[in-house]
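Here is a short briefing on one protein structure, arranged by topic. Please keep the sequence and the 3D view open while reading.

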Amino acid sequence: MKKLNQITFISVFIIPLFSIQLTAQSISRKEIKIPDILGFKTLKCDFHTHTIFSDGDVWPTIRVSEAWKEGLDAIAITDHLEYRPHQGDLVKNFNRSYEIAKEYSKDFGIIVIKGIEITQAMPPGHFNLLFIKDANLLDTLDYNAAIKEGKKQGAFIQWNHPFWKNPVFPRVNSKVEWFKQQKELYENGLLDGIEIVNERDYYPDAFRWCKEKNLTILGNSDIHLPTGYFYDFSKDQHRTMTLVFAENKSEEAIKEALTAHRTVVFFSDTLIGSDRFLREIFNKSITINEAKLEKEKGKLFYIMITNNSDIPYSLIANGIDKDFEFSTDVYLPARSTARLGIKPKKDDFVGMRNLILPYKVKNLITEPFESLKMEISVGIEMK
Ligand SMILES: [Zn+2]
Ligand SMILES: [Zn+2]
């Protein structure tokens, strides 16, 4: 009788242990294919996430496994400093959510950055202090003192969601404002960047400020729920993120790149950033399969364009050619090949031409209301 009991005991406890192990091993990571550019590594980063240690809904380890599954390289844990609705159930330690995530990240190769979100009514609003050393030293209701302490610790200071106005929360078409508090911080060297996209909201005015004032642009998820509740991964959606062009995959290199303004914002199917970075990403994403074509006169023909990246590109003609008509709209889906049609305007056109086809890439935003201009060059001979 006793022996039988022992066997029952073993079977009940060993089987669940095995199934936990197997479940942990079966999760997989979706890689996001975006080329490295200009000798830098393109790192996918989210510098704004919440956990149960403020008003988020998940334990810090979940932020790490989500980031790994979604193909990210780095996340910052940025729980609110002044808003902790679960504090009655938790220890009072502003470093704790980072510490838990950091420890867990070792098995995943995800970089976890220590941050905190200063949470004041607008103005001045919310600020993420990234790369701080000790969040407990920031525990004050005086935002100026907290930001100064953060800077002393080497923080990169990001103004979050500049549209947000407590308590009204006008998310759509709301006017953003450069308040005197922002002016003061900026003039004292206490502002390094702005979230021009938060969650799914893009603020062209904030993009303009970054250009005018030489501040870094960022786009982040500000996720509170589990990411799978907010983004539909079965439809290839991804969280809003910041692409960082870093010397290598390390926290130090990310900080250096942020300080040097080497970032692009990636949200929905859109990239926002400087012409230099977006042109390079586009050029390194596509290959034109036929550089020289020989065709019979008068015929419509195609060139094949392969997009090797995970970013779909949407091209629209930005000019005309005197001898040839060409597709006005060209959609290049991710990891696919698409055709671009070309036809001589006159049926009897013969001879050689080096065609330069002018386009705009609609979803690559280089100015607040302007897209990347580029050209497709193709040599042809009509016989
Ligand atoms: Zn906030
Ligand atoms: Zn937040």
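**Overall picture**

Among contacts in the protein chain between residues at least 6 apart in sequence, 67% join residues at least 24 apart. The model is predicted. The protein chain has 383 residues, and buried residues make up 51% of them. Its secondary structure consists of 9 helices and 20 strands.

**The zinc site**

- Three residues of the protein act as donors to the zinc ion (ligand 1): E117 through OE, H126 through ND1 and H161 through NE2.
- These donors lie 2.1 to 2.2 Å from the zinc ion (ligand 1).
- Along the sequence, the spacing of the donor residues follows the pattern E-x8-H-x34-H.
- H126 belongs to strand β4 (residues 126-130), while H161 sits in the loop between β5 (156-159) and α5 (180-187), so the pair ties together parts that are 35 residues apart in sequence.
- Both H126 and H161 are buried.
- E117 also has a second role, as a bridge between the zinc ion (ligand 1) and the zinc ion (ligand 2).
- The distance between the zinc ion (ligand 1) and the zinc ion (ligand 2) is 3.4 Å.

**L130 in strand β4**

- Strand β4, which holds H126, also holds L130.
- L130 has a relative accessibility of 0%; buried means under 20%, so L130 counts as buried.
- The C-alpha atom of L130 is 7.9 Å from that of T78, although the two residues are 52 residues apart along the chain.
- Not counting residues up to four places away in sequence, L130 touches F47, A76, T78, I113, K114, G115, G154, A155, F156 and Q158.

**R239 and T240, in one loop**

- R239 is placed in the loop between α7 (227-230) and β9 (241-246), and T240 is found in the loop between α7 and β9 as well.
- R239 counts as buried because its relative accessibility is 1%.
- T240 likewise counts as buried, because its relative accessibility is 1%.
- The side chain of R239 makes a polar contact with the side chain of E70, at 2.8 Å.
- For T240, a polar atom of the side chain lies 2.4 Å from the backbone oxygen of E199.
- Leaving aside neighbours within four places in sequence, the residues in contact with R239 include D46, T49, E66, A67, E70, L72 and I75. Also among them are S221, T227, Y231 and F266.
- With neighbours within four places in sequence again left aside, T240 is in contact with D46, V197, E199, G219, N220, S221, Y231, F266 and F267.
- D46, S221, Y231 and F266 appear among the contacts of R239 and also among those of T240.

**Helices α2 and α3**

- Helix α2 (residues 60-69) packs against helix α3 (residues 96-105) at an angle of about 45°, and their axes are 7 Å apart.
- That angle makes α2 oblique to α3.
- The crossing in which α2 passes α3 is right-handed.
- On the α2 side, the contact is made by P60, T61, V64 and S65.
- On the α3 side, the contact is made by S97, I100, A101, Y104 and S105.

How values were computed. Residues numbered from 1 in each chain as written. Chains lettered and ligands numbered in written order. Predicted model: local features only at pLDDT ≥ 70, side-chain atom pairs only at ≥ 80, totals over all residues. Heavy atoms only, no water. Donors = N, O, S within 2.8 Å, 3.2 Å for Na, K, Ca; no water. Helix = DSSP H or I, 4+ residues; strand = E, 2+ residues; numbered from the N terminus. Buried < 20%, exposed > 50% of the residue type's maximum accessible area, 1.4 Å probe, protein only. Polar contact = N/O pair within 3.5 Å; in protein donor to acceptor, adjacent residues only side chain to side chain. Contact = heavy atoms within 4.5 Å. Axes fitted to C-alpha atoms, helices over the stretch in contact; angles between N-to-C directions. Parallel < 35°, antiparallel > 145°, perpendicular 65-115°, else oblique. Left-handed = near helix turned anticlockwise from the far one by under 90°.
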